[in-house]
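Please look over the model below alongside these notes. They cover the DNA contacts, two backbone outliers and the cysteines.

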Number of protein chains: 2
Amino acid sequence: MNKKHPERLTPAEARNMLKDIFANAGIKLTPQRIEIFREVYGTDSHPSAEAIYDKLKQKMPTISIDTIYRTLGTLEKLGLINRVSALDRQSRFDANTEKHHHFICTECGRITDFYWPSFDSSSLPDELKAHGRILSRHIEVRGICTECLQKKKK
Amino acid sequence: MNKKHPERLTPAEARNMLKDIFANAGIKLTPQRIEIFREVYGTDSHPSAEAIYDKLKQKMPTISIDTIYRTLGTLEKLGLINRVSALDRQSRFDANTEKHHHFICTECGRITDFYWPSFDSSSLPDELKAHGRILSRHIEVRGICTECLQKKKK
DNA sequence: TCCTTATTAAGATTAATTCTTATTTAAGAA
DNA sequence: TTCTTAAATAAGAATTAATCTTAATAAGGA
């Protein structure tokens with residue numbers, strides 16, 4: 001149940017993975033897009049746009065924060081990543097496209113994934129049909145992560 | 001299962017309800033705080049700070065947006081209301097303190113409540129214990145609300 | 001290799017939220 | 001009831017996340 005996220009991709013692997021998806025969507029595959037995808041795909045840290053920017057500036061010193069935001073939006077539209085609602089006001093992004101849910105630490109804001117396939121395939125209350133057409137479901141568990149509990153003991 | 005939210009409180013009722021809570025917390029009960037609480041408590045529309053501001057300016061023309069934000073933060077700390085993660089970047093607030101979950105329309109952003117007591121009392125996956133101490137759980141269902149479905153037909 | 005058009009970088013702009021400071025007021029004491 | 005004082009407010013400035021504008025660049029097909 002404790003699935004690990006795939007390893008970080010090489011640029012060539014990422015290009016290979018994205019090539020057809022981008023071609024079909026009729027949009028260009030730029031080095032910026034490849035690098036930004038690699039940053040989100042290769043980690044389960046749910047990075048913010050800012051965090052990705054800080055990281056990528058090292059390899060691509062002229063990249064602009066606007067490109068990060070635009071590309072994250074593009075990747076979101078393509079269904080390659082998801083925007084996660086966080087505690088603070090920065091959006092966080094997630095390339096784990098397997099069905100999963102989030103544990104959010106109310107102390108430090110860290111987001112970790114958990115899996116619950118039996119919930120994913122169970123039926124929701126009938127009442128919900130009256131609200132509209134359902135597209136997805138997601139559980140947010142809030143609490144204090146083990147690391148913050150440790151710190152508090154001291 | 002389709003619980004209705006309580007009616008809007010009179011200022012006197014709100015004062016009565018908040019008096020001890022504020023006294024115990026050692027903070028002052030101002031007219032602004034009473035009015036802001038009434039706005040969130042008496043509705044299930046999950047208003048934004050901006051929406052509350054626009055509404056209250058009519059009765060209290062000199063109230064400032066900063067007071068709205070500060071007071072919402074205070075009410076949140078007291079556990080009287082909750083901050084809801086919305087689709088757009090404005091926070092939304094909710095004084096429905098009964099256990100409930102949200103249906104969020106991806107078209108118009110409207111948030112509606114639903115109830116699922118059997119989920120609330122069911123046990124979560126064991127795996128989660130390793131993440132930390134759990135304080136709460138909440139389901140977000142995304143979809144297209146009946147109103148937006150109607151509009152699309154036309 | 002060349003062309004066309006989408007994409008990018010840079011910096012300006014917007015919008016939500018928070019901070020600073022002088023003024024006002026709630027609530028307890030006299 | 002009036003006084004006192006710390007806490008709360010209003011106003012406007014500041015900050016920060018995110019988006020927009022525009023001129024320069026580069027992807028990808030011809």
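Which residues are closest to DNA strand C, and how many surround DNA strand C?

1. Basis. This is a predicted model, where local features need pLDDT of at least 70, side-chain atom pairs count only at pLDDT 80 or more, and totals for chains, interfaces and linings use all residues. Residues are numbered from 1 along each chain as its sequence is written, chains are lettered from A and ligands numbered from 1 in the order in which they are written, and side-chain values use heavy atoms, with hydrogens and water left out.

2. Surroundings of the strand. DNA strand C is surrounded by 20 residues. The closest are Thr30(A), Thr67(A), Arg70(A), Asp66(B) and Tyr69(B). A residue is near the strand if one of its heavy atoms lies within 4 Å of it. By class, this surface has eight charged residues (Asp, Glu, Lys and Arg), seven polar and five nonpolar. Nonpolar here means Ala, Val, Leu, Ile, Met, Phe, Trp, Tyr, Cys and Pro; the others, Gly among them, are polar.

3. Elements. α2 (31–41) and α4 (65–77) of chain A, and α4 (65–77) of chain B, each supply at least two residues of the surface near DNA strand C. α4(A) gives the most, with three residues. Helices are DSSP runs (H or I, at least four residues), numbered from the N terminus.

4. Backbone or bases? Of the atoms of DNA strand C within 4 Å of the protein, 75% belong to sugar or phosphate and the rest to bases. The side chain of Gln32(A) places an N or O atom 2.9 Å from a sugar or linking oxygen. Polar backbone atoms reach phosphate oxygens too: Leu29(B) at 2.7 Å and Ser64(A) at 3.4 Å.

5. Positive phi. Most residues other than glycine have a negative phi. His46(A) is not a glycine, yet its phi is positive, about 50 degrees. His46(A) sits in the loop between α2 and α3 (49–56) of chain A. His46(B) also has a positive phi, near 50 degrees, and lies in the loop between α2 (31–41) and α3 (49–56) of chain B. His46(A) is buried (under 20% relative accessible area, 1.4 Å probe, protein chains only) at 2%. His46(B) is buried at 2%.

6. Cysteines. There are zero disulfides (cysteine sulfur pairs within 2.5 Å) over all chains. Why are Cys105(B) and Cys108(B) not bonded? Their sulfurs are 3.7 Å apart, too far for a bond. Cys105(B) is buried at 0% relative accessible area. Cys108(B) is partly exposed (between 20% and 50%) at 42%.

Methods:
Polar contact = N/O pair within 3.5 Å; in protein donor to acceptor, adjacent residues only side chain to side chain.
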